[in-house]
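Here is a short briefing for a reader who has not seen this structure before. Please keep the sequence and the 3D view open while reading.

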Amino acid sequence: MLSTSRLITFLLVLLCVMAKAQDHKLDSVATNLNNYGLSTARSNLFVHFDKNVYTNNDQVWFTGYLLKAVTDMKQYHTLYLSLVNNRDSSVVYQGNFLIDKGFCYGALNLPDSLLGGAYRFVVNTNITLNGKPDAEFIQPVTIKSTTLNSLVDQVSVFKTYDEHTGNGTVLLKILTSENRFVEDAQIKYQIGRGKQVLKSAVAKSSVIGELMIDYPADKITAANNLLAISIKKGSHTRYVKFELPVRNKPKYDVRFYPEGGYLITDLLTKVGFEIKDGTGAGIKARGILYEDDAATDTIATSSMGIGTFFMMPKPLKRYTVKLLADGQQGTIYDLPLALNKGVALSTASAIGNNEFKTQLETNFNTKVHVLVHNFSDIFLQTTLALAVGKMQSIKFNLDSVPVGLHTITVLDSNYKPLAERIFFAHYDQINTVSVEPDKNEYSTRERVELKLNITDKDNKPVTGLISIACVQANRLLLGNNTTIVDSFYLNDNLPDFPNNSFGLKYGNKNYLNDVLLVKGWRRYKWPEAELVKSETTKLLSSLEYEGSILKKKKPLDAPMSLTTIAGTNLNFLSTDSSGKFSVPFANLLTKEVKPNVWLSMATAKHENYELKINEPQKTIKTYLGQQDFVQPVSKTGVADEYAQSITSTAGIKLKEVVINNTKDNSTSFSRKGHNRCGDYVCRYNILNCPNHFGDFDSHEPVKGKSYKVGGTGGLVVYQGCTDEESKPNLVILKGINLPKEFYISDVLNKNEPINFATVYWNYQVLVNGETPLSFNTGDITGKFKIIVQGVTDKGVVYGEKEITVTVNSK
């Protein structure tokens with residue numbers, strides 16, 4: 001028989017073994033969280049653009065922040081920036097920019113041939129993860145253009161259904177931007193997606209520029225309803241994508257999201273629900289909740305289309321909702337079925353500061369483990385015994401939990417999930433930046449004196465590195481608004497986080513609370529395989545210029561030398577013995593306006609050799625062309641219970657024209673004064689002066705002559721306009737742009753107009769305590785916004801301030 005002391009020792013050892021076993025089990029749980037977690041394993045990249053509404057031939061300024069890296073920060077050296085047309089995902093611009101210590105500062109001129117419409121900047125780095133770009137940032141932008149358009153397409157549904165033929169009909173109308181009919185345009189179209197092709201045909205437009213396209217209305221589903229059209233007239237080609245209406249599809253999409261994941265019989269549960277129309281816009285509406293055929297409650301959504309209600313499901317009962325909207329009396333929306341056994345999780349708010357409170361209730365006696373985690377690490381955990389009819393309250397102290405989104409997950413005794421909830425920790429700890437101008441109203445060409453100060457929740461100064469822009473207010477659309485705070489804390493963990501057309505996502509606490517219930521929800525199912533799974537192997541690589549040289553169609557038998565020239569950056573490299581090589585990114589760095597890099601073979605007998613190169617830009621372009629992009633919807637609507645209704649997807653839709661982009665490194669201009677490379681000299685002898693782009697009195701530069709450089713006051717010798725076509729012994733690569741200084745206009749020169757929408761841009765401002773900053777207004781009057789975004793030693797920061805510019809009376 002064991003003595004008392006030996007028994008105590010034995011029990012302590014047993015408890016330690018049990019604790020270690022449980023810790024090991026929790027480690028296994030943590031390993032598996034990434035299999036179905038919300039967070040992505042990619043790096044977090046944010047880019048601050050000076051505005052989100054541009055004109056063709058406008059200048060773009062931006063700062064890139066690599067907020068989280070999956071590998072050593074030193075391996076990130078190139079930022080790939082692509083401008084993509086939303087209509088057909090055609091890439092109309094690509095540029096490369098240097099990343100240094102996680103920061104990237106860049107500028108570019110938009111092509112003057114751009115047509116107006118919805119576009120997006122897509123930003124990636126040189127690092128790839130399992131064959132795909134590791135980091136990606138998307139900034140929606142709107143392009144305003146005065147460029148004449150020779151092909152303007154208008155696509156609308158002419159007839160949704162013909163009782164005799166079973167077909168629907170789409171009307172395609174082709175005009176010029178001057179409203180002239182485009183006759184005999186060659187048209188090719190296809191109905192379907194992927195391998196589900198219902199119809200393909202070739203036709204021509206009529207004398208009034210029209211074509212009727214019939215489609216099998218009964219066969220149209222959400223999986224095959226894409227109508228893709230190509231239009232060609234002479235040398236002009238346009239592509240159109242149009243979604244055909246699906247018959248008998250409900251006018252509204254209504255979805256229900258029980259808090260915790262499931263409805264549980266005989267347990268009170270908060271249910272989030274969302275109402276959208278066919279375009280994805282949130283709908284403000286009211287509805288009636290039914291238990292079988294009996295009305296039990298009235299429910300309603302906010303102006304953003306999101307609402308909540310409480311219910312206690314009963315066994316064997318069916319729960320439905322009917323909307324109080326015109327034409328919706330016969331449409332029934334079913335709630336998910338309730339589980340007979342389960343755990344209900346409820347929170348008063350999903351926004352927490354230093355603590356987070358939740359309550360658990362069950363309809364059967366059970367033991368549970370409750371975890372607080374971020375799908376990579378488990379920060380807190382506790383074990384509880386739940387009893388029927390007894391509410392269990394839990395309060396987590398969040399001192400060890402980082403700022404941002406986290407998940408509370410309830411596991412059963414076998415470590416399988418029963419319920420979960422997304423919440424925001426330390427909401428009050430996000431830094432704030434004060435942007436204080438010396439006054440709120442200024443005259444044209446007047447000095448603006450700013451004071452910047454970044455503080456934490458205790459109002460103590462925080463050191464930060466920020467980028468700042470002062471731009472015309474109408475060049476910042478709320479629907480395109482993207483902030484570094486939203487990107488870092490919300491978008492990275494909830495990629496489908498909806499746009500809030502009324503302001504910041506993070507800044508609206510009530511909106512954020514509602515959205516976390518809806519967008520952070522899913523029915524939580526454990527993988528059917530065994531608990532412990534091996535992590536997916538992460539294969540990291542880098543996008544580089546790689547190539548090979550063949551001699552008379554065969555690999556080399558000895559190394560060969562190569563030369564790269566990027567402006568004044570001259571370098572040498574060598575192939576391996578078989579002729580393969582890669583170009584170091586340092587060889588591609590250039591400050592030239594046109595970042596061309598000349599790669600040539602060091603041989604006089606180049607006709608015996610063939611130089612091939614794989615361009616990273618082509619890899620990015622192929623990747624972007626394969627991605628499905630859903631245009632963010634920033635509008636909302638109202639479903640009136642008496643008369644008003646929302647236009648259905650079968651209604652008329654007008655599609656903007658899209659650009660069929662071809663590779664063109666040159667720039668075309670509609671005004672005189674530029675050579676074939678787009679170089680020009682303004683009236684003040686400044687080369688490529690951004691202040692006088694396209695002015696009538698600009699003239700072509702002369703090779704070998706010196707000209708002023710805008711913004712710096714220095715001189716540069718013009719090297720001439722060289723052909724950009726590759727020769728047999730060389731290949732022209734796209735170099736990596738180095739940072740460019742913002743052009744500071746001379747406010748004292750009354751003869752020089754200052755008509756920039758962006759009157760100030762600075763990409764690297766160190767803020768340490770109260771920091772003064774100054775700039776001048778231009779000649780444009782009206783509302784201007786000062787936008788500040790950046791990083792600190794305690795997270796990210798965003799701020800804004802509006803000022804007014806009036807006409808100078810002097």
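The points below go from the whole chain to single residues.

This is a predicted model. The protein chain has 810 residues, and 49% of them count as buried. Its secondary structure comprises four helices and 55 strands.

**Whole chain**

- About 39,300 Å² of the protein chain is exposed, and carbon and sulfur atoms supply 50% of that area.
- Among contacts with a separation of 6 or more, 67% join residues that are 24 or more positions apart.

**Confidence**

- The average pLDDT of the protein chain is 83, and 82% of the residues score at least 70.
- Residues 7-21 have a pLDDT below 50, and this stretch has one contact in the model beyond near neighbours in sequence.
- Residues 35-39 also have a pLDDT below 50, but here the model shows 19 contacts beyond near neighbours in sequence.

**Cavities**

- The model holds four cavities of 30 Å³ or more.
- The largest cavity has about 60 Å³ of space.
- Its lining is made of 13 residues, and Thr78, Tyr80, Tyr545, Leu588 and Ile736 are the ones nearest the centre.
- By type, the lining of the largest cavity has nine nonpolar residues, three polar and one charged.

**Two enclosed helices**

- Helix H3 spans residues 509-519; eight of its eleven residues are buried, so the rest of the structure largely encloses it.
- Tyr511, Leu512 and Asn513 are among the buried residues of H3, and so is the run Val515, Leu516, Leu517, Val518 and Lys519.
- The cover over these buried residues includes five strands and a helix: S18 (253-258), S19 (269-276), S23 (306-311), S31 (404-411), S32 (417-425) and helix H2 (484-491).
- H2 is itself largely enclosed by the rest of the structure, because six of its eight residues are buried.
- In H2 the buried residues are Ile484, Val485, Asp486, Ser487, Tyr489 and Leu490.

**Loops beside the strands that cover H3**

Several of the covering strands are joined to loops with residues worth a look.

- Most residues other than glycine have a negative phi.
- Asp266 is not a glycine, yet its phi is positive, at about 70°.
- The loop between S18 and S19 holds Asp266.
- Asp266 counts as partly exposed because its relative accessibility is 45%, between the limits of 20% and 50%.
- Leu316 is another non-glycine residue with a positive phi, here about 60°.
- Leu316 sits in the loop between S23 and strand S24 (319-323).
- The relative accessibility of Leu316 is 88%, so this residue counts as exposed.
- Ser413 belongs to the loop between S31 and S32.
- With a relative accessibility of 43%, Ser413 counts as partly exposed.
- Ser413 and Lys367 are 46 residues apart in sequence, but their C-alpha atoms are 5.7 Å apart in space.
- Apart from neighbours within four places in sequence, Ser413 contacts Lys367 and His369.

**A strand residue: Val202**

- Val202 is part of strand S14, which covers residues 196-204.
- Is Val202 buried or exposed? Val202 is exposed, because its relative accessible area of 64% is over 50%.
- Leaving out residues up to four places away in sequence, Val202 touches Ile187 and Lys188.
- Ile229 is 27 residues from Val202 along the chain, and their C-alpha atoms are separated by 9.8 Å.

**A loop residue: Gly704**

- Gly704 lies in the loop between strand S47 (686-687) and strand S48 (706-709).
- Its relative accessible area is 52%, so Gly704 is exposed.
- Which residues does Gly704 contact, leaving aside its neighbours within four places in sequence? They are Val717 and Tyr718.
- Gly704 and Tyr718 are 14 residues apart along the chain, with 5.3 Å between their C-alpha atoms.

Conventions: Residues are numbered from 1 along each chain as its sequence is written. This is a predicted model: local features need pLDDT of at least 70, side-chain atom pairs count only at pLDDT 80 or more; totals for chains, interfaces and linings use all residues. Side-chain values use heavy atoms; hydrogens and water are left out. Helices (H or I, at least four residues) and strands (E, at least two) are DSSP runs, numbered from the N terminus. Buried means under 20% relative accessible area, exposed over 50%, partly exposed in between (1.4 Å probe, protein chains only). Contact means heavy atoms within 4.5 Å. Accessible areas come from the Shrake-Rupley method with a 1.4 Å probe; for residues, only the protein chains shown count as cover. pLDDT is the predictor's confidence in each residue, from 0 to 100. On a 1 Å grid over the protein atoms alone, a cavity is a set of points where a 1.4 Å probe fits but cannot get out, and a pocket is an open set with protein on both sides within 12 Å along at least five of seven lines; lining residues have an atom within 4 Å of a point. Grid points are joined across faces, edges and corners, and a volume is the space filled by probe spheres set on the points. Ala, Val, Leu, Ile, Met, Phe, Trp, Tyr, Cys and Pro count as nonpolar, Asp, Glu, Lys and Arg as charged, and the others, Gly among them, as polar.
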